[in-house]
Amino acid sequence: MHLSEVTHPNQLHGLSIHQLKQIARQMREKHLQTVATSGGHLGPGLGVVELTLALYQTLDLDRDKVIWDVGHQAYPHKMITGRYHRFHTLRQKDGIAGYLKRCESKFDHFGAGHASTSISAALGMALARDAKGDNYKTVAVIGDGALTGGMALEAINHAGHLPKTNLLVVLNDNEMSISPNVGAIPRYLNKMRLSDPVQFITDNLEEQFKHLPFVGESLSPELARVKEGMKRLAVPKVGAVFEELGFTYIGPVDGHNLEELIATFQQAHKIIGPVLVHVATTKGKGYEIAEKDQVGYHAQSPFNLTTGKAIPSSKPKPPAYAKVFAHTLVKLAENNPKIIGITAAMATGTGLDKLQAKLPKQYIDVGIAEQHAVTLAAGLACEGMRPVVAIYSTFLQRAYDQIIHDICIQNLPVFFCMDRAGIVGADGPTHQGMYDIAYLRCIPNMVLMAPKDEAELQQMLVTGVNYTAGPIAMRYPRGNGYGVPLMEEGWEGLPIGRAEILRQGDDVLLLGYGTMVYPAMQVAEILSEHGIEATVINARFAKPLDTELIAPLAKKIGRVVTLEEGCVIGGFGSAVAESLLDNDVVVPVKRIGIPDILVDHAEPNESKADLGLMPAQIADQIRTAFFKQQLTTVS
């Protein structure tokens, strides 16, 4: 059977190990070809090919439910659940999503973009099953660092308290999240693999076998399996932690040995109560380049399969915001030992790996634990340090209570740097940074700012690390800047709550925030071609707003348009409208931003076009809203 013929996972039933190995090889080929062409997550899916095939051969997927964590490791799952022939559209507009999505397939039982959710969701489904008197199997596959998240540990704690609730947790232990895993639990799992008894057997058992008659230099498959079994027996009570928490522990199991995996899963399904199968896998398995560089090949832009090198763009690009952020933070930290950079398992994505390399004592990675990262920063701030918490906008949502309870109520000077704010493209609705303006501006004591370009980002970094009156947050986008000159020395911060006028006109007032400032300037140029002159303001701060500047201009001009790359409900435009009303300035206000919808995966400009956020579209909206008479005259 060829992989292309598999449209339902139950078709794996009855296939021989040889046939499954062929499908595994085809999965990796398809995976590599697709990601090399269009980009996407690479290492995680390559590591779970055999795990997926073995698990699914032991289940009836018309009834049983598999809930995956960090959905980017579920590419093999997508290939054998009816999406092989569309897999080449991965992460493209109207194509296959890069994460699990309930509306995409009946086999995607739970949406998963953020980590550490699978055990909670699977336990909920198992309890619902028991309440309804049903008997299907419920399996949570967790891994790629997700076990470092507190939510996963909460779910394990609860599940272990339910000895009659059948739940299988498969731990995909590849020793990695995006970067090497952080924390005591991953260290304990590594000790299972690398404890002294195991190392002793690894070093000596094979040598002893070689001296047996007829064995010689190479081990037979049978003796190799004996060796692996004895290695596991040599580790006393390796599953003690999980068993003490109420789970039956099995493992560690070789995650690339189909025979062993199938036998283990069959055994696990027979056990009453919660079971944890510990599967040891290699991230990037089957692609040597990815195996050697598991951090770099966690995800890739389009690349050459032979060399592994990224396909260069046709022309040089300005530096990415994350790169400018990292470079500037390192420079600031070199002169201020109180600056501590904090990441939640996203060192490379946020750029904090540069701080780690240069100033390791001023760098902390907490693992996939955003709640802990925020309260840890609060503790640092209490003792006079300058914590810089670099977390993607979408992931900071996970620490909302800590932001309110531990930071803002105590008015602690913690600096939040939110990368990937706004439309992020191919990662889709789970990763769009749409909500940070709205969810942060309603909290007392919080200051919000957003740079118009990479040079202003540098100024805001200086502003943030020097601001000691309370918490402050900066949002900035994914991708490259505009190529404006960067500052290498003599950096100065910005006055809190002060905007700047970039262009003057008497017909309409355009207020741009962050990434929408340059588009606002383009809109003004388009309007000027139609005889409409605009004043353009770079707001810089959503909180506090520069009401002293904005209110008089709004009253004088009489037409206001706000532009933001965030949700319009409760966002920057709402802040402007509220401020004007509070100051008795009653003028028409048109808010332009992300409407009350989920933005799916696509190239950012494709999404912006669909949302009416391209400059020409915005200009048309403004003319329709405020200058209908001119439109009628022209027509």
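This presentation goes through a central sheet, the helices around it, the aromatic pairs and two individual residues.

Good morning, colleagues. Please keep in mind throughout that this is a predicted model.

I begin with the sheet. It is open, it holds 5 strands in the order 2-3-4-6-5, and its pairing is parallel. At its edges stand strand 2, residues 65-68, and strand 5, residues 248-254; each has a single partner strand, so one side of each is left without a neighbour in the sheet. From one strand to the next, the twist averages 20°. Within the sheet, strand 4, residues 167-173, and strand 6, residues 274-280, run parallel and are joined by 7 bridges. As a point of reference on your screens, Val 170 stands opposite Val 277 of strand 6.

Two helices lie across these strands. Helix 3, residues 49-57, lies across strands 2, 3, 4 and 6, and runs at about 160° to strand 2. Helix 11, residues 258-269, lies across strands 4, 5 and 6, at about 170° to strand 5.

Helix 3 also takes part in the packing of another element, helix 4. Helix 4 spans residues 75-83 and is mostly covered, with 8 of its 9 residues buried. Among those buried residues are charged-type names one might look for on the display, including Lys 78 and Arg 83, together with Tyr 75, Met 79 and Ile 80. Their packing partners are helix 1 (17-38), strand 1 (40-41), helix 2 (43-46), helix 3 and strand 2.

I turn now to the aromatic residues. How many aromatic pairs does a search of the whole structure find? The count is 8. In one of them, Tyr 392 and Phe 395, the ring centres are 5.6 Å apart and the planes meet at 15°; the pair is therefore stacked, since planes under 30 degrees apart count as such. Both Tyr 392 and Phe 395 are buried.

A second pair has another geometry. The rings of Tyr 400 and Tyr 439 have centres 5.6 Å apart but planes at 85°, so this pair is edge-to-face. It links distant parts of the chain, with Tyr 400 in helix 18 (residues 400-408) and Tyr 439 in helix 19 (residues 436-441), 39 residues apart. Is each partner buried or partly exposed? Tyr 400 is partly exposed, at a relative accessible area of 27%, whereas Tyr 439 counts as buried because its relative accessibility is 10%.

Aromatic rings also meet charged side chains here. Lys 30 lies over the face of Tyr 84, at 4.8 Å from the ring centre. Likewise, the charged end of Lys 65 sits over the ring of Tyr 136, 5.0 Å from its centre.

Finally, two individual residues. Arg 503 belongs to strand 14, residues 500-503. With a relative accessible area of 15%, Arg 503 is buried. Which side chain does the side chain of Arg 503 meet in a polar contact? The partner is Glu 533, at 3.4 Å. Beyond its neighbours within four places in sequence, Arg 503 has further contacts, including Met 521, Glu 525, Ser 528 and Val 536.

The other residue is Val 462, in helix 20, residues 454-466. Val 462 counts as buried, at 5% relative accessibility. Not counting residues up to four places away in sequence, it touches Leu 332, Trp 491, Glu 492 and Gly 493. The C-alpha atoms of Val 462 and Thr 328 are separated by 8.7 Å, although the two residues are 134 residues apart along the chain.

Thank you for your attention.

Note on methods:
Residues are numbered from 1 along each chain as its sequence is written. This is a predicted model: local features need pLDDT of at least 70, side-chain atom pairs count only at pLDDT 80 or more; totals for chains, interfaces and linings use all residues. Side-chain values use heavy atoms; hydrogens and water are left out. Rings of Phe, Tyr and Trp (its six-membered ring) pair if their centres lie within 6.5 Å; planes under 30 degrees apart count as stacked, over 60 as edge-to-face and the rest as tilted. Buried means under 20% relative accessible area, exposed over 50%, partly exposed in between (1.4 Å probe, protein chains only). Helices (H or I, at least four residues) and strands (E, at least two) are DSSP runs, numbered from the N terminus. A charge sits over a ring if NZ of Lys or CZ of Arg is within 6 Å of the ring centre and within 35 degrees of the ring normal. A polar contact is a pair of N or O atoms within 3.5 Å; within protein, one must be able to donate a hydrogen and the other to accept it, and residues adjacent in sequence count only if both atoms are side-chain atoms. Contact means heavy atoms within 4.5 Å. Two strands pair if DSSP finds at least two bridges between them. Axes are lines fitted to C-alpha atoms, for helices over the stretch in contact, and angles run from 0 to 180 degrees between N-to-C directions.
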